[in-house]
Structures are given as C-alpha cells and as structure tokens.
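Visitor: I'd like a close look at one part of this model, please: the strands and how they pair. Could you take me through that part slowly, and then show me what packs around it and elsewhere?

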Amino acid sequence: PGELIYMFEAQYDKALLAMRELFEDIKQAREIRIDSIQKHFERSIANLATSNHAISFLLFLRNKDDGTNYTNYIFQHSVNVSILATVIGYLLGFRDTALTELAIAGLLHDVGKVYVPLEILNKPGKLTDYEFDIIKRHPFDSYTIVLNMINKELHENIALGVLQHHERLDGSGYPGGLVGDSIHQFARIITIADIYDAMISNRVYRSRWTPFHVLDVLRNETYEKIDPHIGYLFINHIREHLIGSHVLLSNGCDAKVVHFERLDYSRPVVQLFTGESINLQE
C-alpha cells in the first residue's frame, strides 16, 4: 500500500541522514559514543525491520538507486544491512539488548571504508591486488573505530560482528581466515545480510542481480562458506516474501510468482495475467 511505503521511506530517509552524519563525524575524528548511535537508530531500525513489508520495501527503494556514487551507496548499504540483520536476529529469537547490539553492528560493519580512497571505491573496473588489499583492511579499521566508541567488555558482540563479517566458515575469508564456530554469531548473520544487499544493489562495476538469483548464490554457499541454519532461515524468509511479487519475464510478459520448487530459487513457477502457469525450470 502506498501509505505504508511512504511511512517506511520517511523513516528510512531519517536513518540515512543520521548515517551520513555518523560517517562525517568519523571522518573528522569527532568523539562518538555507542549510546548516541543507539539513541539515533534504535527506534528507527526496529520500526523498519519489524515492518511486515520490510523486504519488499527495500527492493522498491533500491530500484531508485543507480549505484554510480559509492558515497550514497555506503549509507544505504549500512542501513539495509542493519535492517536485514535485525530481521534475521528476530527470526533467530533475539530480543531487547541482543537485537539492539546486532542492529548497531550491522550499521557499523563498513565504517572503516571512510579511510579507503574514493577512486578505489568508485572504480568501474577490476581492482588491482594492491587496491583489493586496501579494501580488505576495512573490517579491522571498522573494528578499531568501534573500539574507540564502546566499552569492549560490555559490547564485545558489536566489535566482533564488525571485525569478522568477511570471514567464511571454510577459512577463505578475511582478515583472520577464521574457521567454523570461531566466527562470532553476529558476524555470521551480518555476512548473509551483507551478501544479499550488495548483490541486489546496482554497483559502479555491474548492474544489480534479482533476489531470485541471489537466493541461489546464498544456497550454493551454504554449509561451505556461510552458516547453514542462518542461511536457510533467511532464504526461506525472503522466498516467502517473493511469492505474489510481480515480475517481468524475458519474453516481455508480466507475471506473478506463485510457487518455488524446493531447490531452485531463481526459476519459480509464475502465473501470467491470462491465468496460464509456467514453470520456469522447464
């Protein structure tokens, strides 16, 4: 409904503005406390994440972004990852303090990128090894920034969620090459939210992917690289929200998603507006 979209977008724009101000404060080395971040974001992220239409609304808002300006992208990505991580946390049974800390970790997971030159962040072509090494520093830089904001003993979950969000279960991630259960649960949640949002977003070097395609990517990485319990919980949640969505087929026909086959998320069963059903697997 249009009114719900308007309310969601208004709350979302406030969160983006606060995120922009936070990045500027970090860039200018101003003192920031975690309680001030919580004050600015706790209610807005909770309201956005608990909306029954949050997944659909994020897709709607994403369609307005052309991805050519990384500065705008990073604010949106930070808010989106926070919302998606909070959705996952809620599905896992997180409440109160744990849910708030997870939301903050999602917001702050990429703040270390304030130290990455814009010419690297906005580069349309493939990064050199040197440039990618600079990018790979951002989890540790984010972690260092967060530690300056908080009492580490009280908010260790936030710090480790930020530091480890690019780690993978098989040890192929960075910065520590951690394996399996040595990766904090917050980081395993943020990893999935981060992958999903990055892939459904336009970037300077590629166009966005459909959420159907991204679900297949997540499924293929489950067990080997991402947490299987969290991964399938999220996949099934997104899949439920995609049922009933309107899609454009490659032949130019409009259709509605009506069903997913068990192991193929990128080719659902759709129904044309003539009433005819088509199994895209066939």
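Guide: Happy to. Let's begin at E261, whose bridge partner in β3 is D264. This is a predicted model, so please read every value below as computed from it. The pair belongs to a hairpin in which two residues connect β2 to β3. The two strands, β2 and β3 (residues 264-272), run antiparallel and are joined by five bridges. Further along this pairing, H259 stands opposite V269 in β3.

V269 is a handy residue to pause on, since it also leads to the next strand: its bridge partner in β4 is N279. Another pair to look at there is Q271, which stands opposite S277 in β4. Between β3 and β4 there are three bridges, again in the antiparallel sense. The hairpin of β3 and β4 has four residues between the strands, and within this hairpin G275 takes a positive phi near 100°.

Now go back to β2 and turn to its other neighbour. Strand β1 (residues 246-248) runs antiparallel to β2 (residues 254-261), and three bridges hold this pairing. One bridge to find on your screen is V247 with its partner A255 in β2. The hairpin here has five residues between β1 and β2, and G252 in the hairpin has a positive phi near 90°.

Put together, these pairings give an open sheet of four strands in the order β1-β2-β3-β4, with antiparallel pairing. Its edges are β1 and β4 (277-279), each of which pairs on one side only. From one strand to the next, the twist averages 45°. As background, strands of a sheet pair through backbone hydrogen bonds, either parallel or antiparallel.

What lies across the sheet? Helix α11 (residues 211-221) lies across β1, β2 and β3, and runs at about 150° to β3.

From there, let me take you to the helices that pack on α10. In general, two packed helices are described by the angle between their axes and the distance between the axes. Helix α9 (residues 156-163) packs with α10 at an angle of about 45°, and the axes are 7 Å apart. That angle makes α9 oblique to α10. The crossing of these two helices is right-handed. On the α9 side the contact involves N157, I158, L160 and G161, which meet F186, A187 and I190 in α10. Sorted by class, this contact has five nonpolar and two polar residues, with no charged ones.

The other partner to visit is helix α5 (residues 96-108). With helix α10 (residues 185-199), α5 packs at an angle of about 55°, with the axes 10 Å apart. α5 and α10 are therefore oblique to each other, and α5 passes α10 in a right-handed crossing. Here A98, E101, L102, A105 and G106 in α5 meet F186, I189 and I190 in α10. The residues of this contact divide into six nonpolar, one polar and one charged.

If you keep α10 in view, try picking out F186 and I190: they meet residues of α9, and they also meet residues of α5.

Key: Residues are numbered from 1 along each chain as its sequence is written. This is a predicted model: local features need pLDDT of at least 70, side-chain atom pairs count only at pLDDT 80 or more; totals for chains, interfaces and linings use all residues. Side-chain values use heavy atoms; hydrogens and water are left out. Axes are lines fitted to C-alpha atoms, for helices over the stretch in contact, and angles run from 0 to 180 degrees between N-to-C directions. Angles under 35 degrees count as roughly parallel, over 145 as roughly antiparallel, 65 to 115 as roughly perpendicular and the rest as oblique. A crossing is left-handed if the near helix is turned anticlockwise from the far one by less than a right angle, and right-handed if clockwise. Contact means heavy atoms within 4.5 Å. Ala, Val, Leu, Ile, Met, Phe, Trp, Tyr, Cys and Pro count as nonpolar, Asp, Glu, Lys and Arg as charged, and the others, Gly among them, as polar. Two strands pair if DSSP finds at least two bridges between them.
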